[in-house]
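Colleague: I have a model to go through with you. Let's take it in short questions, side chains before strands.

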Amino acid sequence: MKVVHSPRHSAHAPPLEFELGRLVPFKETPSRVDAILRALQSLPGFDVIPGVDHGKGPVERIHSREYLEYLSTAYQTWVDRGGNPDGVFPDVFAVREFANPHSKKSIAFPRDGGLGGQPGYFCFDMTGVIAPGTYVAAYEAAQVALTAADIILTDSACIQMFLKVENKDLCGGYCFLNNAAIAAQYLIDRSGAKVCILDIDYHHGNGTQAIFYDKENPLYVSLHGTPDYPMYWGSGDESGEGKGLGFNINVPLPVGTRDGEYLTALRGVVEGVISRFDADVVVVSVGVDTFKDDVVGNFLLTSECFSEMGRIISLLGKPTLFVMEGGYDIATVGTNVANLLRGFEQMRVVTDSETPKPPRLQPTAEQLRALTDIAEPELLELRDVYGSQAIAKVKVLSWNILAQCLIRSDQFPYVTAVPGVPSPLSVKTRSPLIVRAIAQTHMPHIALLQEVDASQWAHRLLPPLRDAGYDSRYFKKDPEKSVGHGLAVLWQESMFECVLERVVRFDNNPLVHPTSITPHTFNIGCLVALKCVDKNLSARLPGLIVSNHHLFWWVKAKYEKLRQIYILLEEVKKVYAELSVISGFEDCKTWPHVMGGDFNTTPLDTLYRVLTSSSALTEDEISTLNPVPMTKPSRSNPEDTKLCEVQQNLPTANDVMLTPTFLVDSVRRNGIFKSAYARYRDIDIMHPNISSSGTWDGEPSFTKIDEWRGTLDYIMFRECPADGNNVGKLDVGRLLKIPDPEWLEPGLPNLRFPSDHLPIMAEFIVV
């Protein structure tokens with residue numbers, strides 16, 4: 001990747017700016033670009049080259065001669081007339097709505113407006129401070145942009161360049177000339193190219209919007225924070241005018257936006273309007289002021305998010321020119337820009353061939369058999385305790401095994417029939433793979449299974465698992481029906497004995513009935529109290545409570561998932577209370593609680609934080625837990641019709657609902673959980689980010705892979721109830737490795753992995 005750079009960027013360095021009525025140090029400092037350059041030069045593959053002077057002609061295609069004349073003379077004129085030598089600060093503004101290019105006609109250009117006339121005419125805020133070297137730096141930035149555009153035209157190269165610029169004939173927001181617009185217009189003029197400007201700076205590109213508002217080329221797409229600077233532009237209904245109608249796309253995102261929400265929005269425009277426009281060249285206005293610690297922006301994106309942003313942009317497969325704009329956290333600006341560009345390069349689509357690639361096929365049985373022999377299973381060590389002392393170990397597995405009764409071939413279009421090869425969707429193929437994974441490959445002491453088909457369980461899974469030494473309990477979602485699925489809990493009978501069991505039917509629980517908003521979901525949970533009968537283990541771990549659940553699948557139903565967790569944990573309290581009055585189990589409150597299941601919740605969702613953190617939630621986080629009406633299903637599922645029919649006929653007598661705040665407080669009073677896989681990235685540093693829902697730290701990026709991929713499955717644990725005193729403490733010693741995506745693409749199930757979810761397993765040590 002070529003990096004076009006001019007050292008003359010440092011000529012623009014005003015000492016001060018106004019912020020909230022105070023003079024403060026200027027944030028747009030040369031050290032930003034220096035930090036980015038150092039970060040890129042420390043990495044292989046970045047070739048730094050100088051800009052070439054193209055003259056004023058291409059710049060004047062965007063900016064008026066009067067404005068350029070003003071920029072080139074403003075500082076000296078200001079100082080000569082007695083102005084503050086720190087920089088040009090307007091005293092009065094010629095208010096004009098420059099998003100409408102015709103509205104300024106009533107205000108004449110002030111040829112000699114006194115000390116404050118011209119500055120107020122050509123500036124719209126107090127950050128457009130003109131210093132001695134401002135024009136030199138801005139002009140050089142434009143030449144860097146044009147040099148990059150030339151390389152795009154000749155080599156189809158991907159370019160990175162420096163200096164933030166934005167507006168038409170107004171300066172403001174640290175902007176003086178609009179590099180992205182200059183480069184885009186130059187590309188159009190020289191080659192007739194269709195250009196898309198994708199603006200990912202935190203602030204809306206009001207100048208870029210104004211310049212091209214009535215044009216159909218380029219397409220302008222902006223993702224930006226709202227309500228925030230520049231305050232008066234960037235709403236979703238600003239869509240262009242005349243020939244430009246529909247070619248100005250604003251995607252305002254709320255203050256506090258996190259990785260998942262941002263990446264969903266970015267992926268939406270990339271796969272939607274930008275792909276349909278089919279540009280020849282993409283110009284990206286890069287702002288890493290969306291970073292969570294940026295001193296100007298107010299998003300909460302992590303450094304890892306920028307890598308994923310680069311990958312998403314690369315999927316367009318177009319020659320791409322990156323224009324550096326915002327980013328003011330000097331400590332991280334270099335890392336974040338480098339992450340964006342490396343993410344783009346790692347996933348870059350080859351564009352020099354028009355031959356479409358054939359769809360990727362699933363791995364063959366022979367390839368997957370080799371994987372089984374060589375690479376599976378692998379337990380990754382999280383704590384260095386093995387070999388140092390004799391320790392007690394308990395392996396707990398959780399796995400959504402994909403109910404056979406829910407499988408339809410159109411859900412898995414990448415699973416194609418091959419003559420003479422078993423189908424990965426067949427019950428005859430899948431059942432022995434499930435049994436082998438549990439009884440021979442992973443051999444957990446306790447297994448928590450979700451989506452267990454009733455018929456498959458009774459006839460194909462239970463008998464061989466029983467023969468392998470597992471006792472079990474099966475809990476059906478709808479016991480009155482002959483078909484359907486449910487939950488299963490298994491344990492090695494040589495180690496544990498069931499002393500109490502409980503099914504939790506979330507729809508029928510007296511704590512919180514479903515209402516006209518919170519629907520009947522037909523989801524269940526279950527609890528099993530296991531007494532340890534292994535002599536070596538029981539001295540340290542007399543017993544434990546295990547719970548298993550499958551929460552409601554609908555993405556928007558975050559209140560419903562919180563409600564279901566609340567019900568489950570209230571039932572756990574009852575189980576502890578019932579056990580404590582049974583002779584021989586008076587010490588049951590020292591038993592830890594292990595909770596596994598399909599949470600239908602990503603690590604970015606608020607419910608994950610409710611369970612694993614005691615810190616207070618923000619108002620925005622609480623708002624995500626508010627109930628939302630479910631009026632229609634959002635995915636294909638055999639149970640959707642039933643769900644919607646019940647939803648339409650719900651009674652309204654129970655419409656007094658517990659508030660999200662009450663539910664959160666109640667859940668946390670039961671004790672904060674630890675997620676076993678919360679530090680998975682520490683031990684599998686090559687684990688890739690391929691989630692469809694964003695990036696996060698710690699947890700794997702996927703436990704489910706079909707046409708959507710992400711993490712929904714967890715094993716969580718508490719040492720003991722909030723009011724109990726534990727004898728032995730659980731800690732995570734080893735974790736089952738998440739397989740490499742090359743064995744899973746283009747999606748599951750396949751002939752090695754029989755479900756669209758992967759099994760996860762934690763080996764707990766009893767300290």
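Colleague: What is the N to O distance in the salt bridge of Arg311 and Glu308?
Modeller: A salt bridge here is a side-chain nitrogen of Lys or Arg within 4 Å of a carboxyl oxygen of Asp or Glu. The side chains of Arg311 and Glu308 meet that criterion. The N to O distance is 3.3 Å.

Colleague: Why are Arg311 and Glu308 separated by about one helical turn?
Modeller: An α-helix has 3.6 residues a turn, so residues three or four places apart point the same way. Helices are DSSP runs (H or I, at least four residues) and strands likewise (E, at least two), numbered from the N terminus. Arg311 and Glu308 are about one turn apart because they are three residues apart in helix α9, residues 303–314.

Colleague: Is Glu308 buried or exposed?
Modeller: Before that, the ground rules: this is a predicted model, where local features need pLDDT of at least 70, side-chain atom pairs count only at pLDDT 80 or more, and totals for chains, interfaces and linings use all residues. Residues are numbered from 1 along each chain as its sequence is written, and side-chain values use heavy atoms, with hydrogens and water left out. Buried means under 20% relative accessible area, exposed over 50%, partly exposed in between (1.4 Å probe, protein chains only). Arg311 has 15% and counts as buried; Glu308, at 6%, is also buried.

Colleague: Which residue forms a salt bridge with Lys215?
Modeller: Lys215 is partly exposed, with a relative accessible area of 33%. Its partner is partly exposed too, at 33%. The N to O distance is 3.5 Å, and the partner is Asp214.

Colleague: And Asp706: which residue does its side chain meet in a salt bridge?
Modeller: Both residues of this pair are buried. The N to O distance is 3.0 Å. The partner is Lys704.

Colleague: How many salt bridges does the structure hold?
Modeller: Some of them join into a network, with Arg502, Glu571, Lys574 and Glu578 linked. The total for the structure is 26.

Colleague: Arg681 is buried without a salt bridge; what is the nearest side chain of opposite charge?
Modeller: Arg681 is found in helix α20, residues 680–683. For charge, Lys and Arg count as positive and Asp and Glu as negative; His and the chain ends are not counted. The nearest opposite side chain is 6.3 Å away, and that is Asp697.

Colleague: Which residues does Arg681 contact, leaving aside neighbours within four places in sequence?
Modeller: Contact means heavy atoms within 4.5 Å. By that test, Arg681 touches His687, Asn689, Trp696, Gly698, Glu699, Pro700 and Ser701.

Colleague: On to strands. What is the strand order in the open sheet of six strands?
Modeller: Two strands pair if DSSP finds at least two bridges between them. The pairing in this sheet is mixed. The order is β16-β17-β18-β19-β23-β20. The edge strands, each pairing on one side only, are β16 (496–505) and β20 (674–675).

Colleague: How many bridges join β16 to β17?
Modeller: The two strands run antiparallel. Arg502 stands opposite Leu527 in β17. Strand β17 (residues 524–532) is mostly covered, with eight of its nine residues buried. The bridge count between β16 and β17 is nine.

Colleague: Which residue in β18 is the bridge partner of Val528?
Modeller: Strand β18 covers residues 543–550 and runs antiparallel to β17. Seven bridges join the two strands. The partner of Val528 is Val546.

Colleague: In β23, what is the bridge partner of Gly597?
Modeller: Strands β19 (residues 593–598) and β23 (residues 713–718) pair in the antiparallel sense over six bridges. The partner is Tyr714.

Colleague: Which residue takes a positive phi in the hairpin of β2 and β3?
Modeller: Four bridges join β2 (residues 16–19) to β3 (residues 22–25), and these strands run antiparallel. Glu19 has Arg22 as its bridge partner. Two residues lie between the strands. The residue with phi near 50° is Leu20.

Colleague: Last one. How many of the 13 residues of α6 are buried?
Modeller: Helix α6 covers residues 179–191. Its buried residues include Ile182, Tyr186 and Leu187. The helix is largely enclosed by the rest of the structure, because the buried count is ten.

Methods: The expected span of a helix is 1.5 Å times one less than its number of residues.
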